[in-house]
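Ready to practise reading a protein model? Here are some short exercises, each followed by a worked solution.

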Amino acid sequence: MSTKKLALVTGSTSGIGLGIAKNFASKGMNVVLNGFGDASAIENIRANMAKDFGVEVRYNGADMSKAEEIAAMIKTIEDEFGAIDVLVNNAGIQHVAPVEDFPIEKWNAILAINLSSSFHTIHAALPKMKAKGWGRIINIASAHALVASPYKSAYVAAKHGIAGLTKTVALETATFGITMNAICPGYVWTPLVEKQIPDTAKARGITEEQVINDVMLHSQPTKKFVTIEQVAALAHFLTSEDAAPITGAIIPIDGGWTAQ
Ligand code: NAD
């Protein structure tokens, strides 16, 4: 069995998750990718990451809205690698609409993927992590774990829920060498953000350019998007020994958004 640490990053075929997976692989961790997308594009990402960084990279296409698929994914990984050392709960979706028009199936999907999936991964992976006596669990939450914005009822509810789950599991695992923290990015330019611009423009009755400047960057005093690489570097720090006393923390990386 490899002596390298093994990280599972959910939702790592795109955006922030892919950035975290690449960062971890570049620092010598074996990585399991997860998420949707074109099969050959995912295979290219997997093969290149393994070749570029000399680590084992696997892909598991479990649907994070399905508890049974999550449990099966964790078992497959543990059968090959043993305990998961670093678990990053990152998979997420967004939908923007006034609460009275919010489609019920979107509410259910956002709660399942952005909140319940983290419970299911932790529920399945924790026994082996505890037995090993070392682990790092990182939830990619959002500034929306700390503050709200209109028209994002499901997303804000799910991300606030993640903050509560983070604190609770941190307390339950504190004496087991395991930390659990939530990273709360402000706006990061990824497909998830790009896709919500037209709906936000519609919900607020403004142009797409106004959404970028007057809604998104307006929230962030730095007037800059956070980068994927900056979020990935913070996630990597949380896997280090220096970060051992950081647990149960809800950590903004948001250009000052939630300081206001
Ligand atoms: P993205 O759309 O680029 O990536 C989302 C990933 O999740 C993709 O790999 C996608 O395939 C995967 N995914 C979606 N549904 C899935 C499912 N049912 N099962 C498995 N995988 C699934 O988005 P992103 O911006 O990189 O977002 C990643 C995380 O960061 C999300 O949790 C999001 O809420 C959070 N976040 C993003 C921002 C931002 O500004 N981009 C800010 C704060 C928090």
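**Exercise 1.** Find out which atoms of Gly 11, Ser 14 and Asp 63 lie close to ligand atoms, looking for polar contacts (pairs of N or O atoms within 3.5 Å).

*Solution.* Step one: a backbone N or O atom of Gly 11 is 3.3 Å from a ligand oxygen. Step two: for Ser 14, an N or O atom of the side chain lies 2.6 Å from an oxygen atom of the ligand. Step three: in Asp 63, a side-chain N or O atom is 2.9 Å from a nitrogen atom of the ligand. Step four: look at the cover; the ligand taken alone exposes 830 Å², and the protein buries 94% of that. These areas come from the Shrake-Rupley method with a 1.4 Å probe.

Before you go on, remember that this is a predicted model, where local features need pLDDT of at least 70 and side-chain atom pairs count only at pLDDT 80 or more, while totals for chains, interfaces and linings use all residues. Residues are numbered from 1 along each chain as its sequence is written, and side-chain values use heavy atoms, with hydrogens and water left out.

**Exercise 2.** Work out which elements give two or more residues to the shell around the ligand.

*Solution.* Begin with the count: 31 residues surround the ligand, and Ser 14, Asn 90, Tyr 155, Val 188 and Thr 190 are the closest. Here a residue counts if one of its heavy atoms lies within 4 Å of the ligand. Next, name the elements: H1, helix H5 (153-173) and helix H6 (191-204) each give two or more residues. Finally, H6 gives the most, with three residues. Helices are DSSP runs (H or I, at least four residues), numbered from the N terminus.

**Exercise 3.** Decide whether H1 is mostly covered or mostly open.

*Solution.* First, locate helix H1 at residues 15-26; its twelve residues reach 17 Å from first C-alpha to last, close to the 16 Å expected at 1.5 Å a residue. That expected span is 1.5 Å times one less than the number of residues. Then check the cover: ten of the twelve residues are buried, among them Ile 16, Leu 18 and Phe 24. Buried means under 20% relative accessible area, exposed over 50%, and partly exposed in between (1.4 Å probe, protein chains only). Lastly, look just after H1, where Gly 28 takes a positive phi of about 95°.

**Exercise 4.** Describe the phi and the exposure of Lys 223.

*Solution.* Start with the general rule: most residues other than glycine have a negative phi. Lys 223 has a positive phi of about 60° although it is not a glycine. At 47% relative accessibility, Lys 223 is partly exposed.

Technical notes: Polar contact = N/O pair within 3.5 Å; in protein donor to acceptor, adjacent residues only side chain to side chain.
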